[in-house]
Amino acid sequence: MNARVVMAGMWLALAGSWSAAGPAGEGVVGSDAAGRLAAVQRAALAGSPGLRAEQAGIVAGAAAVSAGAASGSPYLEWQSEGIDSAGRQPNAADYLRVGTPFNLPGQIGRARELVRTADGWAETALGVAALDSAAEVSRRFLELAAAVEKEALAAARLRRLDGALSLQEARFQLGEIAGAEVRQLDLEHVGQTSRLASLRSEVAAAEATVRQLAGDRPVVVREGDLAALAALSRTPEATAVTPEDLGRGPLLRRAEGDAGLERSAAELMSATAWGRAEIEAEWERVPALEGLPAYDAWGFRIAVPLPLGAAGRRQREEARALVDRADAALEAAVLETRRRAEAALAAADGAASRLRVLEPALAEIPQIDHSLSEQFRLGAISYLGYIDGLSRFDRIVEEAIDARLTLLLARLELALLLGDPTIFPLPVSGPAEED
């Protein structure tokens, strides 16, 4: 299947998944975050050179497998004899041969099955490659959103410290406090300035990664995107993540396709272990010689391989080993997919529990922060108490940022494993037809 057709079908599915995501009445902020993430995913599907390279490799691999299933190309051969340094001799003869290798009856069915398997494998692999690309750019988008929120948190803390430092310097000028207190607060300000610079570099690096995956398209991430996307996504019940559901997911379907392709190739290898048959027709022109008239003669040749020899037996042993390897690789993929699903469910549940504990405190932080600032302004608490209070607030907010990021990454993983865009919007392709 054409790669562009696969990606077009996936983008239509993605657009539908975004329009259906989230509860009724979802706010503009959530819709905006969803739309910007969808734009990044669309850019990755349309313009990522890495995705194009991977899909071209899939198409090339399927074509190579199909070519190997064919018996070979016909040939035309011309042979002329009786030519020496003096030129063409009177008894020179000419031969023209036309021949072709062909699959024997026991090989034809396996060759056709391999071609069908390669076509199905390519269709599945193209879709999964696009899905992996969208999932990867989504992960980087979420990490960028978390970095942006931590940068904003550090910038807000630095602004508060600016005000506190100005207040302390004014008190020092009035002789109300010692210079050591101003110096201590100044050191805290320096440390926070350094942290903000570090976070800004992390944001720039994360943004560059997203742009690279999105084909160097512009990326827009804002504060609040994590919370908005958390509201638009969901965590499935553990009982809903069954082996059957995982088996219908794109990753296991790709693993089944890989195993099926290797199995079909091994079966054809076993059938052709001693080679393929060959048929040839020959025309011979015999010149007139010593009174005998010239004449044309036709010949026929057919070569059929005999199932004898160590080379063929060894190749059949290799084919059996390849089938065993394909079966074992599929079993390993099933176990790995279940492990990933269980780990993602545990991570999502843990992150949700953290948020349930943190969200009440987050709602109270603005009021408490204002009270703390006023107490410091009025001199009711020292700069040490003020700094300690700010650090506690920031730790809670950072915990919430990390918890939301963990929650969204886990939901993204589950959506990828199950092929379910209602868990986290991803372009999950359905059947698509070529033009």
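**Exercise 1. A pair within one helix**

In which helix do Arg 248 and Asp 245 both lie, and how many residues apart are they?

*Solution.* The model used here is a predicted one. The first step is to place the two residues: Arg 248 and Asp 245 both belong to helix 7, which covers residues 243-248, and they are three residues apart, about one turn of the helix. The second step recalls a general point, namely that an α-helix has 3.6 residues a turn, so residues three or four places apart point the same way. The third step turns to the side chains, where Arg 248 forms a salt bridge with Asp 245 and the closest N and O atoms are 2.4 Å apart. The last step adds the surroundings: Arg 248, with a relative accessible area of 54%, is exposed, whereas Asp 245, with 22%, is partly exposed.

**Exercise 2. Pairs that link separate elements**

Describe the salt bridge between Glu 398 and Arg 195, and then treat the one between Glu 280 and Arg 301 in the same manner.

*Solution.* In general, side chains of opposite charge can pair when their charged atoms come close. For Glu 398 and Arg 195, the side chains meet in a salt bridge with an N to O distance of 2.6 Å. Because Glu 398 lies in helix 10 and Arg 195 in helix 5 (residues 179-213), this pair ties together parts that are 203 residues apart in sequence. Glu 398 is partly exposed at a relative accessible area of 23%, and Arg 195 is also partly exposed, at 34%.

For Glu 280 and Arg 301, the N to O distance in the salt bridge is 3.2 Å. This pair links distant parts of the chain, since Glu 280 is in strand 5 (residues 277-286) and Arg 301 is in strand 6 (residues 295-303), 21 residues apart. To classify Glu 280, compare its relative accessible area of 10% with the cut-off for buried residues, which is under 20%; Glu 280 is therefore buried. Arg 301, at 32%, is partly exposed.

Other salt bridges share partners, and these join Glu 136, Arg 139, Arg 140, Glu 143, Arg 340 and Glu 413 into one network. The structure as a whole holds 27 salt bridges.

**Exercise 3. An enclosed helix**

Is helix 6 largely enclosed or largely open, and which of its residues are buried?

*Solution.* Helix 6 spans residues 225-232, and six of its eight residues are buried, so this helix is largely enclosed by the rest of the structure. The buried residues are Asp 225, Leu 226, Ala 228, Leu 229, Ala 230 and Leu 232.

**Exercise 4. The largest pocket**

State the volume of the largest pocket, and work out which elements line it.

*Solution.* The volume of the largest pocket is about 290 Å³. Its lining has 15 residues, of which Leu 153, Ala 156, Glu 223, Ile 365 and Val 397 are the closest to the centre. The elements that give two or more residues to this lining are helix 4 (105-173), helix 9 (310-377) and helix 10 (383-418), and helix 4 contributes the largest share, with five residues. Sorted by class, the lining has nine nonpolar, one polar and five charged residues.

**Exercise 5. Confidence along the chain**

What is the average pLDDT of the chain, and what share of the residues score at least 70?

*Solution.* The average pLDDT is 83, and 85% of the residues score at least 70. Over residues 3-30, however, the pLDDT is below 50, and this stretch has 45 contacts in the model beyond near neighbours in sequence. Residues 429-435 also have a pLDDT below 50, with seven contacts beyond near neighbours in sequence.

Key: Residues numbered from 1 in each chain as written. Predicted model: local features only at pLDDT ≥ 70, side-chain atom pairs only at ≥ 80, totals over all residues. Heavy atoms only, no water. 1 Å grid on protein atoms, 1.4 Å probe; cavity = no way out; pocket = protein on both sides within 12 Å on 5 of 7 lines; lining within 4 Å. Points joined across faces, edges and corners; volume = space filled by probe spheres on them. Helix = DSSP H or I, 4+ residues; strand = E, 2+ residues; numbered from the N terminus. Nonpolar A, V, L, I, M, F, W, Y, C, P; charged D, E, K, R; others polar. pLDDT = per-residue confidence, 0-100. Contact = heavy atoms within 4.5 Å. Buried < 20%, exposed > 50% of the residue type's maximum accessible area, 1.4 Å probe, protein only. Salt bridge = Lys/Arg side-chain N within 4 Å of Asp/Glu carboxyl O.
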